[in-house]
Amino acid sequence: MNHQFDLTGKVALVTGASYGIGFAIASALAEAGATIVFNDIKQELVDKGVAAYAEQGVTVHGYVCDVTNEDAVNELVSKVEAEVGVIDVLVNNAGIIKRIPMVEMSAKDFRQVIDVDLNAPFIVSKAVIPSMIKKGGGKIINICSMMSELGRETVSAYAAAKGGLKMLTKNIASEYGQYNIQCNGIGPGYIATPQTAPLREVQPDGSKHPFDQFILAKTPANRWGEASDLGGPAVFLASAASDFVNGHILYVDGGILAYIGKQP
Ligand code: NAP
Ligand code: GCO
């Protein structure tokens with residue numbers, strides 16, 4: 001059974017993986033045998049990421065690339081194919097959030113979130129699929145969200161993007177499944193990373209942030225997720241173990257979507 005989860009000989013590109021969820025997923029894919037390629041917007045962050053992976057004994061290939069820039073993405077994919085190999089596994093992880101009440105949000109801010117969280121997964125997937133087809137197949141994993149299913153105040157752009165990413169996942173699965181490409185999503189719950197740090201800030205009186213308390217009451221596991229909780233699900237969706245799983249969003253949320261919430 002273990003061989004089904006073996007990624008030896010596979011090249012995996014994880015976008016935005018200098019730290020956070022992308023770093024954890026890339027580390028898990030490396031542990032399963034994959035050769036890791038990652039990008040970030042700034043060389044400084046790429047260098048920090050390479051050092052962080054090395055501290056874990058993982059040698060990676062780091063590149064500077066803004067995933068919203070189609071020319072830069074196409075150049076990245078060509079470079080990776082020449083220097084490392086054809087990309088077998090793509091994890092569209094890079095993402096941003098802007099927490100602003102919708103009527104106060106500028107169209108520019110809304111567009112920027114859509115650009116990174118939805119347009120970029122389209123751009124990067126479009127860039128890697130032709131070589132996957134030539135190679136006989138591949139895996140695409142889109143990092144979705146609770147907001148692929150639920151809304152909440154101040155995250156209209158993010159929810160619209162992540163809802164769209166769920167449907168882009170299903171459409172790539174529908175269009176390219178015939179070429180042995182499986183496209184699935186991972187929907188993390190609330191994970192302790194820099195992106196959610198503002199929601200977990202300890203209050204001046206030393207108490208937990210109200211949102212922190214809210215999420216604990218909404219999560220049967222009664223804890224925030226750790227980025228490492230996503231590693232196993234990512235290895236599953238990147239490996240032969242999921243060759244007949246396509247168009248599925250795997251929610252790794254401690255049970256949030258199944259639960260009405262603890263009575264106050
Ligand atoms: P994070 O800590 O903010 O990390 C996001 C990463 O994406 C950073 O490395 C960032 O690089 C990179 N990035 C942003 N814009 C980019 C661009 N245009 N081109 C290339 N890289 C870019 O976020 P996270 O919590 O690890 O989240 C990672 C993914 O999981 C995101 O898609 C997020 O929406 C999703 N997610 C997070 C949670 C959660 O609770 N944390 C839950 C569900 C889903 P820079 O530092 O250079 O900006
Ligand atoms: C927020 C959080 C969430 C998480 C994640 C939940 O402000 O509600 O940032 O959006 O990032 O997407 O799955």
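Is Tyr19 buried, partly exposed or exposed? Select Tyr19 and turn on the surface: with a relative accessible area of 45%, Tyr19 is partly exposed. Keep in mind as you click around that this is a predicted model.

**Stop 1: the whole chain**

Zoom out and colour by secondary structure. You should find seven helices and seven strands. Walking from the N terminus, the order is β-α-β-α-β-α-β-α-β-α-β-α-α-β, so to speak a steady swap until two helices follow one another before the last strand.

Now for the overall dimensions. The C-alpha trace spans about 55 × 45 × 40 Å along its principal axes. The radius of gyration is 18 Å, which agrees with the value near 18 Å for a compact globule of 264 residues.

Switch on a contact map if your viewer has one. Of the contacts with a separation of 6 or more, 73% join residues 24 or more positions apart. Colour by burial next: buried residues make up 48% of the 264 residues. The protein exposes about 12,500 Å², and carbon and sulfur atoms supply 54% of that area.

For a look at charge, select the charged side chains. There are 21 positive and 27 negative ones, and the centres of the two sets lie 4 Å apart.

**Stop 2: back to Tyr19**

Select Tyr19 again and show the backbone around it. Tyr19 lies in the loop between strand E1 (11-15) and H1. Beyond its neighbours within four places in sequence, Tyr19 is in contact with Leu45 and Pro194, so show those two as sticks. Then draw a distance from Tyr19 to Lys48: the C-alpha atoms are 8.8 Å apart, with the two positions 29 residues apart in sequence terms.

**Stop 3: Thr193**

Next, pick Thr193, which sits in the loop between E6 and H6. At 11% relative accessibility, Thr193 counts as buried. Which residues does Thr193 touch, leaving aside its neighbours within four places in sequence? They are Gly20, Ile21 and Arg200. For a pointer to the next stop, draw a line from Thr193 to Trp224: these residues are 31 apart along the chain, and their C-alpha atoms are separated by 9.9 Å.

**Stop 4: the aromatic cluster**

Select Tyr190, Phe211, Phe214 and Trp224 and show the rings, since these residues form one aromatic cluster. The structure holds six aromatic pairs. In one of them, the rings of Tyr190 and Phe211 have their centres 5.5 Å apart and their planes at 55 degrees, so the pair is tilted. Tyr190 lies in the loop between E6 and helix H6 (210-218), while Phe211 is in helix H6, so the pair ties together parts that are 21 residues apart in sequence.

Check the burial of both partners while they are selected. Tyr190 counts as buried at 14% relative accessibility, and Phe211 counts as buried at 12%.

**Stop 5: helix H7**

Select residues 231-238 to bring up helix H7. How many of the eight residues of H7 are buried? Six are, and the helix is mostly covered. Show Gly231, Pro233, Ala234, Val235, Leu237 and Ala238, the buried residues of H7. Their packing partners are helix H1 (20-31) and four strands: E4 (89-92), E5 (138-143), E6 (181-188) and E7 (249-252). Giving each of these elements its own colour makes the view easier to read.

**Stop 6: two positive phi angles**

Open a Ramachandran plot for this one. Most residues other than glycine have a negative phi. Thr154 is not a glycine, yet its phi is positive, at about 75 degrees. You'll find Thr154 in the loop between E5 and helix H5 (156-176), where it is partly exposed with a relative accessible area of 24%.

Asn222 also has a positive phi without being a glycine, here about 55 degrees. Asn222 is in the loop between H6 and H7, and at 46% relative accessibility it counts as partly exposed.

**Stop 7: out to Asn74**

Finish on helix H3 (residues 70-83), where Asn74 is found. With a relative accessible area of 33%, Asn74 is partly exposed. Draw one last distance, from Asn74 to Lys170: the two are 96 residues apart in sequence and 23 Å apart in space, C-alpha to C-alpha.

Key. Residues are numbered from 1 along each chain as its sequence is written. Chains are lettered from A and ligands numbered from 1 in the order in which they are written. This is a predicted model: local features need pLDDT of at least 70, side-chain atom pairs count only at pLDDT 80 or more; totals for chains, interfaces and linings use all residues. Side-chain values use heavy atoms; hydrogens and water are left out. The radius of gyration is taken over C-alpha atoms; the globule rule is 2.2 Å times the number of residues to the power 0.38. Buried means under 20% relative accessible area, exposed over 50%, partly exposed in between (1.4 Å probe, protein chains only). Contact means heavy atoms within 4.5 Å. Accessible areas come from the Shrake-Rupley method with a 1.4 Å probe; for residues, only the protein chains shown count as cover. Lys and Arg count as positive and Asp and Glu as negative; His and the chain ends are not counted. The place of a charge is taken as NZ of Lys, CZ of Arg, CG of Asp or CD of Glu. Rings of Phe, Tyr and Trp (its six-membered ring) pair if their centres lie within 6.5 Å; planes under 30 degrees apart count as stacked, over 60 as edge-to-face and the rest as tilted.
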